[in-house]
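Have the structure open in a viewer, with the selection panel to hand. The stops below start at the ligand and end in the loops.

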Amino acid sequence: MNNESPQIIVRRSGPLSGNVQVPGAKNSVLKLMAATLLAEGEYVLTNVPAIADVVTMSDLLTALGISTKWLGPHELSLTNSGNISTEAPFENVDRIRASINVLGPLLTHYGQALINWPGGDDFGGRPIDLHIGGLEKMGATIEQNLLNIRASADQLNGAEIELSFASVGATENILTAAIYAKGTTVIDNAAREPEIGDLCNMLVAMGAEIEGIGSSRLVVHGKQKGSLHSVRHSVINDRVQAATYIAAVAIAGGDVQIRGAKSEHMEMVIDKYSQMGVLISPSRDGLRVTSPGRLNAIDFATLPYPGIATDYKPLLVAMNSVSNGVGIVTENLFPGRFRYIEELCKLGADIRIDGHHAVVKGVEYLIGTSVIAPDIRAGAALVVAGLAAHGETVISEIHHIDRGYDDLVGRLSGLGADVTRV
Ligand code: EPU
C-alpha cells in the first residue's frame with residue numbers, strides 16, 4: 001500500500017446532531033453531462049456534486065469536443081459547438097461506467113461511435129448486451145471485440161424494445177438514441193430510477209417528446225436530427241448520499257436534519273430503516289432522523305427501483321452488523337457485490353456469504369482496524385461502520401469514495417462525528 005495515499009480515520013462517535021445538505025446525484029449528473037452531445041449550445045448544470053466522477057466525465061466530453069467550465073463550486077457550463085469526435089479515448093472510458101452513456105447520443109446524432117468497454121466499480125461481470133440489443137433493434141450495426149465497441153447507423157429507426165431486465169444504463173442509452181430516431185420508440189420494462197426521470201426531464205426541456213416518464217414504459221417520439229437545444233438544469237439530489245447520512249445517525253445515534261433528502265425517492269429504504277428502529281419524519285426541507293438506541297436486524301433483498309437499491313446494501317449490512325438479531329441479505333443485481341464484507345469482518349462483524357446471500361449476525365460493537373474501500377458505496381459504509389467501532393478505523397483506497405461522495409468527511413464532521421482525512 002502507498003503510504004502517501006490519503007486515508008480516512010474514524011473513531012467511535014455519537015450522538016450526532018445538526019443538519020447536513022444532500023448534494024446532487026452522481027448517477028444523474030453524469031448522464032445529463034453525456035446528453036449535452038445531443039444538441040449544440042451552452043448548457044448550465046446546477047447542484048453538481050463535487051466528486052471525481054464529474055471530473056472524469058468532463059475529461060471524456062472534452063476529448064470528444066465539448067468545452068466545460070466551472071461557473072461556481074456546484075455550477076458547470078458545457079458547450080457543444082458541433083465539432084464533435086465520435087471516438088471516445090480509452091483512458092477516459094476505462095475509469096467510469098457512465099462513460100457508456102455517450103454511445104446513444106453519439107450514434108443517434110453523429111451516426112457512429114467507437115468506445116472502449118466501460119470501467120467503473122468491479123462487481124464481477126457487467127455486460128452491456130441489453131444496450132447493444134436495443135440499439136441493434138433500432139437499426140444500428142454494432143461490432144464488438146475484446147477492446148471496444150463500434151456502432152454505426154446513418155439513421156436510427158423507432159422500435160419496440162422490451163428489456164429482459166430493467167437496466168439503468170440500457171434504458172438511458174436506448175432513450176437518448178431514440179431522441180433522433182425516425183418514428184416512435186417504446187421501451188418496455190424500462191428502469192424507473194429517479195435519476196432516469198431527471199434525464200427525461202432535461203431531454204424534454206431540450207425539446208424531446210417523451211411519454212411515461214417515471215413509469216416502466218417510456219415512449220419516445222423521434223425528432224429531426226439536431227433540432228434539440230441546450231438548457232439550464234438543476235441535478236436532482238442524491239438519494240444514496242442521503243441514505244448514507246441516515247445510516248450514520250442510525251448507527252451513531254443522535255438527531256439530525258437531512259436537508260434536501262426526498263422521501264418520495266426513498267420509500268422502501270426508509271421503510272427498512274424504520275423497521276430497524278430509526279425514526280424518520282418529514283421536516284421543512286428534508287427529513288429529520290433520530291436513532292433511539294440499538295437497531296434491530298432486518299432481512300432485505302436488492303431490486304431495481306422502486307425496490308431496495310443495490311447501492312444502499314453496504315450501508316444496511318453495516319447497520320445489521322451491530323444490530324440485535326440476524327439479518328439475511330439477498331443481492332439480486334450484482335452477485336459479486338459483496339467484497340466489502342471481508343473488510344467489515346476485519347472490524348469484528350459476523351457475516352457469512354452463501355451464494356448471493358449474506359447472513360449477518362449482529363454483534364454488540366465493532367473494533368477499529370485498517371480496512372480498504374473496495375468501491376464507492378462500500379467505502380462509505382466502512383466509514384459509517386467506523387462510527388460504531390471502538391478505537392480507530394483507518395480506511396485506505398479512499399479514491400473510490402471520492403468518486404461519488406461530495407465531502408463525506410466534512411459533512412460527517414459537521415454533525416459531530418470524529419472523522420478526519422489524512
Ligand atoms: N445488465 C445486463 N446487461 C446489460 C446491462 C445490465 O445483464 O446490458 C445487468 C447487470 O449485469 C446487472 C443488472 O443488469 O446485473 C443491473 O445493471 P444496470 O445496467 O441497471 O446498472 P448500471 O447502469 O451498470 C447503475 C449505477 C450503479 C447502480 C446500478 C443499479 C451508474 C453510473 N451506475 O449501473 O451505481 O448500482 O445502476 O442501480 O448509474 C454506484 O453509484 O455506486 C453504482 C454502482
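Select G169 and the ligand: a backbone N or O atom of G169 lies 3.0 Å from an oxygen atom of the ligand, a polar contact (a pair of N or O atoms within 3.5 Å). Add L130, where a polar backbone atom is 2.7 Å from a ligand oxygen. Then add L333, with a polar backbone atom 2.3 Å from an oxygen atom of the ligand. The protein buries 89% of the 820 Å² that the ligand exposes when taken alone; accessible areas come from the Shrake-Rupley method with a 1.4 Å probe.

This is a predicted model, in which local features need pLDDT of at least 70, side-chain atom pairs count only at pLDDT 80 or more, and totals for chains, interfaces and linings use all residues. Residues are numbered from 1 along each chain as its sequence is written, and side-chain values use heavy atoms, with hydrogens and water left out.

Next, select the residues around the ligand, counting those with a heavy atom within 4 Å of it. There are 25, and K31, L130, S167, D311 and L333 are the closest. Colour them by class: 10 are nonpolar, six polar and nine charged. Here Ala, Val, Leu, Ile, Met, Phe, Trp, Tyr, Cys and Pro count as nonpolar, Asp, Glu, Lys and Arg as charged, and the others, Gly among them, as polar.

Which domains supply this shell? At least three residues come from each of domain 1 (8-23 + 237-421) and domain 2 (26-234), with bounds from an automatic or database domain assignment.

Now go to the loops; helices (H or I, at least four residues) and strands (E, at least two) are DSSP runs, numbered from the N terminus. Between strand 1 (8-11) and strand 2 (16-21), select P15. A cis peptide bond joins G14 to P15, with omega about -5 degrees. Move to P306, in the loop between strand 18 (300-301) and helix 10 (313-320). The peptide bond from Y305 to P306 is also cis, and omega is near 10 degrees.

Finish at N189, in the loop between strand 11 (184-188) and helix 7 (194-205). N189 is not a glycine, yet its phi is positive, about 55 degrees.

Key
A polar contact is a pair of N or O atoms within 3.5 Å; within protein, one must be able to donate a hydrogen and the other to accept it, and residues adjacent in sequence count only if both atoms are side-chain atoms.
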